[in-house]
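Student: Can we go through this model together? I'd like to cover the fold, the rings, the empty spaces and a few odd residues.

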Amino acid sequence: MYYEFTSKPCLLYSPQAADLVIELSQTHKAKPDLTNLVFGTVFSDHMLTIEWTSNGGWQKPHIKPFGNLSLHPACSAMHYAVQLFEGMKAYRDADDKVRLFRPMLNMNRMANSAERACLPAFDRAELVECIRRLVQVDLEWVPKSDSASLYIRPTFLGTEPSLGVKKPSRALLYVILSPVGSYFSTGAKPVSLWADSKYIRAWRGGTGDCKMGGNYGASIYAQYEAVDYGCQQVLWLYGDDHQITEVGTMNMFLFWNNENGEEELATPPLDGIILPGITRQSILELTRKWGEFKVCERYLTMADLRCALKEGRVKEMFGSGTACVVSPVGRILYQGENLHIPCQDDFPQLASRLMKELTDIQHTDYSIEIHTRFISILSPLC
């Protein structure tokens, strides 16, 4: 069954939600068991695709049955990593309403990544509306659970059908949906980290502040080495002074009494090697609004952490991200020494409070509500 909405010709510089063509699937997959859900392995019935060419601009957006892509063997995304993605979620509340969490922040970051990858610009609000319509079509795939959600993966590929290293003349933007539970197999328990300067996640002048697939593919080898050392994730260090940057695929926070005796929540600054996480920004905004302790974006080194642990000044350490929300750190293996981070009752007080506050926001009127007929912005947080 097809539905086509047309109000005006497609614009060269933006996909238009008003031009959306919807083809509904004639078959429906069985919904997964939420108790045994492995992250990112089950996908909904439909997907969104939008094609772009340098001559024709953006074509009409299509929502169609989920299926494989057809790509030219010389596709620039495969040969030169002209590719990026985003990660966002939809949540269902106790009243059966479904919401997206701060989607415009994801669109802003996606637009910045696209510019860096020499992919075409797009209207961010129009793309959010297209994504909202996709979630509407697959609304029953949003888990009816406060411990699960619908993960939304916008992906942007250069599809230039030639082997020249150049700005692509063709591109494909698509969005797929996946019901997910906990990102880590251990659930909400504290994670262990391997900190070593042997591998570097990002560097100044690189693409560490963009959400590009190459950043993650290059980290897999180090991840397996961390497992060989008995750790779950890599704590990425940078520079001769071993600056703490990110952990695995998360931003990092340290809650401590700093060198001046001040109670402080600190996270590395956005200097080009740190991904500007949506959850990171939300945590900074929330804690600054509380006004209960100092909140700072500052450089932190392993020497700073070691000294603070020795002097008993560390309260908590945790990672943050869309997939996990908040993940406490319990142990760091650094230069052959196990550094134990305080983790009372597996989930420290501040991490637990932030997890609850963020989860409450995600399931209440602080987000964009998805309804069968309308979209409403219900909070400045959007």
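Tutor: What follows goes through those topics in turn. This is a predicted model, in which local features need pLDDT of at least 70, side-chain atom pairs count only at pLDDT 80 or more, and totals for chains, interfaces and linings use all residues. Residues are numbered from 1 along each chain as its sequence is written, and side-chain values use heavy atoms, with hydrogens and water left out.

Student: How many helices and strands does the protein have?

Tutor: There are eight helices and 21 strands. Both are DSSP runs numbered from the N terminus: helices are H or I with at least four residues, strands are E with at least two.

Student: And what percentage of the residues is buried?

Tutor: Of the 382 residues, 54% are buried. Buried means under 20% relative accessible area, exposed means over 50%, and partly exposed is in between, with a 1.4 Å probe and protein chains only. The protein exposes about 17300 Å², and carbon and sulfur atoms supply 52% of that area. Accessible areas come from the Shrake-Rupley method with a 1.4 Å probe; for residues, only the protein chains shown count as cover.

Student: What share of the contacts comes from residues 24 or more positions apart?

Tutor: Among contacts with a separation of 6 or more, such residues account for 69%. Contact here means heavy atoms within 4.5 Å.

Student: On to rings. How many aromatic pairs are there?

Tutor: The structure holds eleven. One of them is Trp 194 with Tyr 229, a stacked pair at 5.1 Å centre to centre and 10 degrees between the planes. Rings of Phe, Tyr and Trp (its six-membered ring) pair if their centres lie within 6.5 Å; planes under 30 degrees apart count as stacked, over 60 as edge-to-face and the rest as tilted.

Student: Where do Trp 194 and Tyr 229 lie?

Tutor: Trp 194 is in strand β11 (residues 191–196) and Tyr 229 is in the loop between α5 (220–228) and β12 (233–238), so the pair ties together parts 35 residues apart in sequence. Trp 194 is buried, at 4% relative accessible area, whereas Tyr 229 is partly exposed at 45%. Both belong to one aromatic cluster with Tyr 199 and Tyr 221.

Student: Which charged residues lie over the faces of Phe 66 and Trp 290?

Tutor: Lys 29 lies over Phe 66, at 4.7 Å from the ring centre. Arg 353 lies over Trp 290, at 3.6 Å from the ring centre. The rule asks for NZ of Lys or CZ of Arg within 6 Å of the ring centre and within 35 degrees of the ring normal.

Student: Now the empty spaces. What lines the largest pocket?

Tutor: Its lining has 27 residues, and Phe 85, Tyr 151, Arg 153, Lys 211 and Ala 323 lie nearest the centre of the pocket. The space in the largest pocket is about 480 Å³. The largest share of the lining, three residues, comes from α6. Elements that each supply at least two residues include β9 (149–158), α6 (278–290) and β17 (314–321).

Student: How is a pocket told from a cavity?

Tutor: On a 1 Å grid over the protein atoms alone, a cavity is a set of points where a 1.4 Å probe fits but cannot get out; a pocket is an open set with protein on both sides within 12 Å along at least five of seven lines, and lining residues have an atom within 4 Å of a point. Grid points are joined across faces, edges and corners, and a volume is the space filled by probe spheres set on the points.

Student: So how many cavities of 30 Å³ or more?

Tutor: Three. The largest cavity holds about 60 Å³ of space. Its lining includes Met 88, Phe 101, Asn 106 and Gln 362, and β7 (88–92) gives the most, with three residues.

Student: Asn 106 again: how far is Pro 276 from Asn 106 in space?

Tutor: Their C-alpha atoms are 9.8 Å apart, although the two are 170 residues apart in sequence. Pro 276 lies in the loop between β15 (263–267) and α6. Leaving aside neighbours within four places in sequence, Pro 276 contacts Arg 109, Asp 209 and Leu 270.

Student: Last topic, backbone. What is phi of Cys 118 and Gln 335?

Tutor: Cys 118 has phi near 60 degrees, a positive value in a residue other than glycine. Gln 335 also has a positive phi, near 50 degrees. Cys 118 is in the loop between α2 (103–116) and α3 (124–137) and is partly exposed at 37%. Gln 335 is in the loop between β18 (325–334) and β19 (337–340) and counts as exposed at 53%.
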